[in-house]
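Hi,

Here is the structure I promised to pass on. Have a look at it first, and my notes follow underneath.

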Amino acid sequence: MTANVFLVPCDPGNFDRTVLSQVNLTEISKTPDPIADLTSVRFWGARDGERNKNYFEKMNRGDLVLFYQDGAYVGIGNVGRTFVDEEKWASTTFWQNAPSKLIYTIEEFTELSIPRGAVNRLFDYGPDYYPQGLTRVADNRVSNTVRTIRRALEMYNEKH
């Protein structure tokens with residue numbers, strides 16, 4: 001089975017707080033059970049909604065996530081754990097009440113800066129395409145393994 005690739009829009013402030021920087025969970029009084037055994041974590045979330053929920057339910061450990069912001073992809077990582085944050089821990093503790101409770105941890109995160117057009121070419125999207133909400137790249141648009149895609153993006157980033 002081929003791993004999934006997800007394109008995710010992100011706002012700078014929340015992204016900086018929970019993905020770009022690891023969250024030290026030893027400084028937090030109460031953490032959700034699915035991540036309570038971790039000392040630090042990077043995580044992101046999607047808002048409720050049928051489409052987001054459908055894509056979230058397809059997420060598996062090791063799937064690739066590309067973070068999009070202001071015309072460029074600014075980070076890449078792999079999905080770790082997933083859980084539904086019914087207590088709204090993430091949104092009330094870190095995201096100024098953003099209604100995102102479909103939470104996934106990010107492993108092997110790399111900060112990068114790749115223009116939207118380069119990623120669009122990789123997945124055969126039109127030049128002006130950008131993700132609006134959690135987006136799973138269709139299987140017929142993913143022609144390589146997650147590892148190969150990740151390495152290609154990292155190499156592109158290094159050259160530019």
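Let's start with Gln-96, which is exposed because its relative accessibility is 64%, above the 50% cut-off. You'll find Gln-96 in the loop between helix 3 (89-93) and strand 7. What caught my eye is the backbone: the phi of Gln-96 is near 50°, a positive value in a residue other than glycine. Most residues other than glycine have a negative phi. Keep in mind throughout that this is a predicted model.

Glu-108 is another case, with a positive phi of about 50° although it isn't a glycine. Glu-108 sits in strand 7, and with a relative accessible area of 56% it is exposed.

Now for the charged pairs. Side chains of opposite charge can pair when their charged atoms come close. The structure has 8 salt bridges, and here are some of them.

Asp-48 pairs with Lys-101, with 3.4 Å between the closest N and O atoms. This bridge links distant parts of the chain, 53 residues apart: Asp-48 is in the loop between strand 4 (43-47) and helix 2 (50-58), while Lys-101 belongs to strand 7 (residues 100-115). Asp-48 is partly exposed, at 44% relative accessible area.

Arg-61 makes a salt bridge with Glu-107, and here the closest N and O atoms are 2.7 Å apart. Arg-61 lies in the loop between helix 2 and strand 5 (64-69) and Glu-107 in strand 7, so this pair ties together parts that are 46 residues apart in sequence. As for the surroundings, Arg-61 counts as exposed at 54% relative accessibility, whereas Glu-107 is partly exposed at 30%.

The last pair to look at is within a helix. Glu-154 and Arg-150 meet in a salt bridge, 3.2 Å from N to O. Both residues are in helix 5 (residues 146-159), 4 residues apart, or about one turn of the helix. Are these two buried or exposed? Glu-154 counts as buried because its relative accessibility is 16%, and the cut-off for buried is under 20%. Arg-150 is buried too, with a relative accessible area of 10%. There is a bit more going on around here: salt bridges that share partners join Arg-150, Arg-151, Glu-154 and Glu-158 into one network.

If you want a place to begin browsing, try strand 7, where you'll find Glu-108 as well as Glu-107, the partner of Arg-61.

Cheers

Note on methods:
Residues are numbered from 1 along each chain as its sequence is written. This is a predicted model: local features need pLDDT of at least 70, side-chain atom pairs count only at pLDDT 80 or more; totals for chains, interfaces and linings use all residues. Side-chain values use heavy atoms; hydrogens and water are left out. A salt bridge is a side-chain nitrogen of Lys or Arg within 4 Å of a carboxyl oxygen of Asp or Glu. Helices (H or I, at least four residues) and strands (E, at least two) are DSSP runs, numbered from the N terminus. Buried means under 20% relative accessible area, exposed over 50%, partly exposed in between (1.4 Å probe, protein chains only).
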